[in-house]
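Trainee: I would like to go through this structure by asking about its contacts, its sheet, its helices and its cores. Please reason each answer through to the value or name.

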Amino acid sequence: MSDATLPPPPDPGERVPTTAADAVLAEAAEAVDAAGETVDITPLDRPRRLLLVHAHPDDETIGTGATMARYAGEGVQVTLVTCTLGEEGEVLVPELAHLAADRDDGLGRHRIEELAAAMEALRVEDHRFLGGPGRWRDSGMMGTPANERPECFWQADLDEAVRELVSVVREVRPQVVVTYDENGGYGHPDHIQAHRVTVAAFDAAGDSGYAPELGEPWQAAKLYWTAVPRSLLQAAIDQLKAAGHEDFFAVDSADDLPFGVPDDVVTTEVDAGNHLEAKLAAMRAHRTQIAVDGPFFALSNMVGQRAFGVEHYVLARGERGPGVTPAGREDDLFAGLAAGTG
C-alpha cells in the first residue's frame, strides 16, 4: 500500500477499531452521530416530556410502542434511551443469519437501522443509546458466556451507567419516566440492569449535590414500570391456543409465565388503539426479531385494534392521578400533573 492510499492517522482520543466487531461499532456510532446532527431537538419547547429506558431495540415497540406513538402524535417530547444494541438476539430472517453473534457478530449494527425505522413509524425523533451506540453490549441470558463478557451491560459499572442517564434526564427534563420493574419484566439481565440504572438516575438527577457538571438538577414527577395484567395474558393464551399458536407461550395458565402482574397492581392503562397501525409498522421494522407472520400479529387481529393498542403500567413513584377507567385506573401517564409542569 502506498502512502497515498494509507488511511489518515486517528485523531487524538479516537478509538481505533482492532477487530471486525469494533469496526462495526465504529461505523454504527458514526451513522448515529450523523443522524443526530440532522435533528434539532429542543425538549424544553414542549410542555410535556416523556423519557423511556429500554434494554434492546424492539423492547420499546413491543411494550410501549402504541403509547409512544400516541404521545408523539399529541406533541409530547418523547425520548427513548436504549441500553444495548441487542447483539445477542436470535435472528429470525434466514438470509440475515450470518449477523448472529456466533457468526459475523453484525446484528447490533443492523438493529440500529431497525430501531431507526421503528422510530420513524412511531414518529419519535429523539432516540439514543446509553453512553453512545455500542458502549454496553447485550448481556444475553443469565448463565450464558455472553453474560460474563466484561463489556456487557450486566457487568457495567453502575455509577458510570447512572451518570450517562442522569445527563440525559437533566437535558430532557421529563415529567414522566418509564422502564421495567425490579425483575426486568421477565428476568432478562439487561432489563434488570435497566431498572437499576433508571431508578438510581431518577433520584440522582434531582440531587443538586450529584455531578453538577452534568447540568442543572431535575426531579421527574412520576416513575412507571411497564406491565402486562395477568387477565390479558390469560386471554392471549386462550386465543392463541385456539388459533393454533399454542407453542408461543407453551403454558395453559398465565400464572405459569415468568412475567405478568396481578390486575389489581396495574395503576394505569393508556388507550392508544388509534395508533396500533404505527405500532405494527414499528414491529415490522424489527424484522430480525419479530416474525411478521407470527403470533404477535395474529393476536392483534384476534383481540382487535382497540384492545391490542391499550398498554399498561404500574406507578412506582409520584402522585397517582384520578382513576377514570372502568377499572379505576389512570388513562394518562401525565394524569394529575399540571399542564406544563416543569
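Trainee: Of the contacts in the protein with a separation of 6 or more, what percentage comes from residues 24 or more positions apart?

Mentor: Keep in mind that the model is predicted. The count takes contacts with a separation of 6 or more, and then the part in which the residues are 24 or more positions apart. That part is 77%.

Trainee: How many helices and strands does the protein have, and what percentage of its residues is buried?

Mentor: The secondary structure comes to nine helices and seven strands. Buried here means under 20% relative accessible area. Of the 342 residues in the protein, the buried ones make up 49%.

Trainee: Which strands stand at the edges of the sheet, and why is one side of each left without a neighbour?

Mentor: The sheet is open, has seven strands with mixed pairing, and follows the order β3-β2-β1-β4-β5-β7-β6. A strand at an edge has a single partner strand, so one side of it has no neighbour in the sheet. The strands in that position are β3 (126–129) and β6 (268–271).

Trainee: What is the average twist from one strand to the next?

Mentor: The value is an average over steps from one strand to the next. It comes to 25°.

Trainee: Which residue in β7 is the bridge partner of Trp225?

Mentor: Strand β5 (residues 222–227) and strand β7 (residues 310–317) run antiparallel and are joined by five bridges. In one of the pairs, Leu223 has Arg317 as its partner in β7. For Trp225, the partner in β7 is Val314.

Trainee: Which residue in β7 is the bridge partner of Glu269?

Mentor: Strands β6 and β7 also run antiparallel, and four bridges join them. As for cover, six of the eight residues of β7 are buried. The partner of Glu269 in β7 is His312.

Trainee: At what angle does helix α3 run to β3?

Mentor: Helix α3 (residues 107–122) lies across two strands, β2 (77–82) and β3. Its angle to β3 is about 160°.

Trainee: Is α2 parallel or oblique to α3?

Mentor: The axes of α2 and α3 come within 9 Å and cross at roughly 40°. In α2, the residues that meet α3 are Glu60, Thr61, Gly65, Met68, Ala69 and Ala72, and their counterparts in α3 are Leu115, Ala118, Met119 and Leu122. By class, this contact has seven nonpolar, two polar and one charged residues. Angles under 35 degrees would count as roughly parallel, so the crossing makes α2 oblique to α3.

Trainee: Which residues outside its sequence neighbourhood is Thr67 in contact with?

Mentor: Thr67 is in helix α2 and is buried, with a relative accessible area of 0%. Its neighbours within four places in sequence are left aside. The contacts are then Val270, Ala272, Glu311, Tyr313 and Leu333.

Trainee: Which element supplies the largest share of the largest nonpolar core?

Mentor: That core has 35 residues, and those touching the most other members are Leu51, Val81, Leu130, Phe153, Leu165, Val166 and Val197. At least two residues each come from β1 (49–54), α4 (158–172), α5 (189–204) and β5. The largest share is seven residues, from α4.

Trainee: How many residues are in the other core that lies apart from it?

Mentor: Val81, of the largest core, is in contact with Leu51, Leu52, Val53, His54, Arg128, Leu130, Leu165 and Val168, leaving aside its neighbours within four places in sequence. Apart from that core lies another, with Tyr71, Val78, Val176 and Leu315 among its residues. Its residue count is 28.

Trainee: Asp58 has a positive phi; is Asp58 buried or exposed, and what is its relative accessible area?

Mentor: Asp58 lies in the loop between β1 and α2 (59–73). Its phi is near 100°, positive in a residue other than glycine. Asp58 is buried, and its relative accessible area is 8%.

Trainee: What is the relative accessible area of Ala211?

Mentor: Ala211 lies in the loop between α5 and β5. Its phi is also positive, about 40°, although Ala211 is not a glycine. Ala211 is buried, with a relative accessible area of 10%.

Conventions
Residues numbered from 1 in each chain as written. Predicted model: local features only at pLDDT ≥ 70, side-chain atom pairs only at ≥ 80, totals over all residues. Heavy atoms only, no water. Pairing = 2+ DSSP bridges. Axes fitted to C-alpha atoms, helices over the stretch in contact; angles between N-to-C directions. Contact = heavy atoms within 4.5 Å. Core = buried A, V, L, I, M, F, W, Y, C linked by side-chain atoms within 4.5 Å. Buried < 20%, exposed > 50% of the residue type's maximum accessible area, 1.4 Å probe, protein only. Parallel < 35°, antiparallel > 145°, perpendicular 65-115°, else oblique. Nonpolar A, V, L, I, M, F, W, Y, C, P; charged D, E, K, R; others polar.
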